[in-house]
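Me: Please go through this structure with me, and set each term you use against its criterion.

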Amino acid sequence: MPSTRVFEWKVWWLDDLEIAMNNSWLHGALAIVAFSVVLGGCGGGTFFALKDLNNPIKPTSISVITGGSEDADLKLAEYLTKEFKERTTLQVVGQDEVSKAIPSYPITVKTVEEKSGEVAWVDPSEKVRIEKIQAKLKTNYVFVIWSKRLMKRTVCSDRGGCTNTYSADVYGNLLEYPSGKIVSHTAFNKRNSDSFLALFRSKGYYVDELLKNSAEGIVDEFIKVTNAGKR
Amino acid sequence: MRQYNSWIWMLIVATLCLSGCATFQLIHEPSRFNGKKLAVVPGLTNPSSLQAAQAFADEVGRASRYQVLPQKQVAQAIPNYPQLIKGPYTSAYFEIDEDYGKTDVGRVRELQKHLGVDYLYILWAPTNIQSGGKGLFFKNYPVVHVVAQVFEFPGGKEIGRGKYMVRFDDDRNEFLRDDLAAVAKEFAEKTSMPK
């Protein structure tokens, strides 16, 4: 079964905050801190980091493949491909070409998660399969990307009005060829909350934004690390 | 006057229920001179779509007079099965934002050439919702959103479409047959092919 999950819950914390502030200064301060953490939370982690700083990325060619088969995985691969194309000097293979070249694309690529999900690596058993994919795409680098645990949390106030916060864990590995070595890792959590403007926007708008921002963040860091940005 | 009002209310409720609960909507009447061969094809490569296609094909076979191509044969006939077919939606993260103009009809026609059927029922199950928990006397099943389109051949004209939800039994790792049986029954009735 797919991993996309929704947990909807209602919290009446806006009123709790008011009561706490009336009770004492300390409780009020704590409530404000909690409030700020909830509102200000926008995820965290590593957008793009080289595994070995002595092994720099050569600005040659790259293809992005998704390691999952949900709609969010496909969109993330699309947005990342677009970012690489528009902002780097690398030759980038489009998702249409990837889809044509790989039978049954998207395919599920297994991961090994370490340190409670802080890092994720392509499972060693997938090495041969990705090698075959690379042989078809013929790029020096293959970026495998996953969007996991896409969630929606709904927080409602007693006085009406609810806010939906969407979050996803994004993992990625860059593989270098012909060696087939993993040369980078990506692991971060991204969040995005809607507003009253949600009434006028498409159903997937805020998740789309979250995924676009994720792709943008990866390429920002990629350019910093590799110096492969367009001038 | 009061009786007249209650009739109006009953009519409104019935209309709302029928329109809201429909799992299949006929757009064009199927040709009377056409054959009865039908194949159910998943439009995505994810496990939900594959399982839903398998289960729905079984149910349509039971509920209708269509000659349903077994899924094994579908998988053998289509090269690189399962294939990704661009589906009728703009996004499908938590619910399906459908747009029936987005389907890759070219790919649908290509698939039919391999299958040689009169009707193709293509379904996409792009996401699922985990609605939580199990109690002592109840169980909330995860719900899978499905969107589907039916094409008639020769020609490849879309004759119907549907959007519905199906419950998934985590313990048995399968869709609830009752849900898919109801969808299959409605499809058979609306295309005038019930058993």
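Me: In this predicted model, which exposed residues does the face of α5(A) turned away from its buried side carry?

Reply: That face carries A:V128, A:K132 and A:A135. Each of these is called exposed because 12 or fewer other C-beta atoms lie within 10 Å of its own.

Me: Which residues of α5(A) are buried, and what makes a residue buried?

Reply: The buried residues are A:I130, A:I133, A:Q134 and A:L137. A residue earns the term if 20 or more other C-beta atoms lie within 10 Å of its own, so each of these four residues of α5(A) reaches that count.

Me: How do you know that the buried residues of α5(A) line one face of the helix?

Reply: Viewed down the axis of α5(A), the buried residues fall within an arc of 100°, and therefore they line one face. Their cover includes β2, β3, α4 (95–101), β5 (119–122), β6 and β7 of chain A. After α5(A) comes A:K138, which has a positive phi, near 55°.

Me: Why is the sheet of chain A called open, and which are its edge strands?

Reply: The 6 strands form an open sheet in the order β1-β8-β7-β6-β2-β3, with mixed pairing. The edge strands are β1 (44–50) and β3 (91–93) of chain A, each of which pairs on one side only. On average, neighbouring strands are turned by 25° against each other, direction ignored.

Me: Which helices pack on this sheet?

Reply: Helix α5 (residues 127–137) of chain A packs on the sheet and touches β2 (61–66), β3, β6 (141–156) and β7, its direction making about 110° with that of β6(A). Helix α6 (residues 205–226) of chain A also packs on the sheet; this helix touches β1, β6, β7 and β8, and its direction makes about 40° with that of β1(A).

Me: How do you know that β7 and β8 of chain A pair?

Reply: Two strands pair if there are at least two bridges between them. Strand β7 (residues 162–176) and strand β8 (residues 181–193) of chain A are joined in the antiparallel sense over 12 bridges, so the criterion is met. Within this pair, A:L174 stands opposite A:S184.

Me: What makes β4 and β5 of chain B a pair?

Reply: Strand β4 (residues 89–92) and strand β5 (residues 96–98) of chain B run antiparallel and are joined by 3 bridges; the requirement is at least two, so they pair. They form a hairpin with 3 residues between them, and B:A92 stands opposite B:I96.

Note on methods. Residues are numbered from 1 along each chain as its sequence is written. Chains are lettered from A and ligands numbered from 1 in the order in which they are written. This is a predicted model: local features need pLDDT of at least 70, side-chain atom pairs count only at pLDDT 80 or more; totals for chains, interfaces and linings use all residues. Helices (H or I, at least four residues) and strands (E, at least two) are DSSP runs, numbered from the N terminus. Axes are lines fitted to C-alpha atoms, for helices over the stretch in contact, and angles run from 0 to 180 degrees between N-to-C directions. Two residues are in contact if their C-beta atoms, placed from the backbone, lie within 7 Å. The arc is that of the directions from the helix axis to the C-beta atoms.
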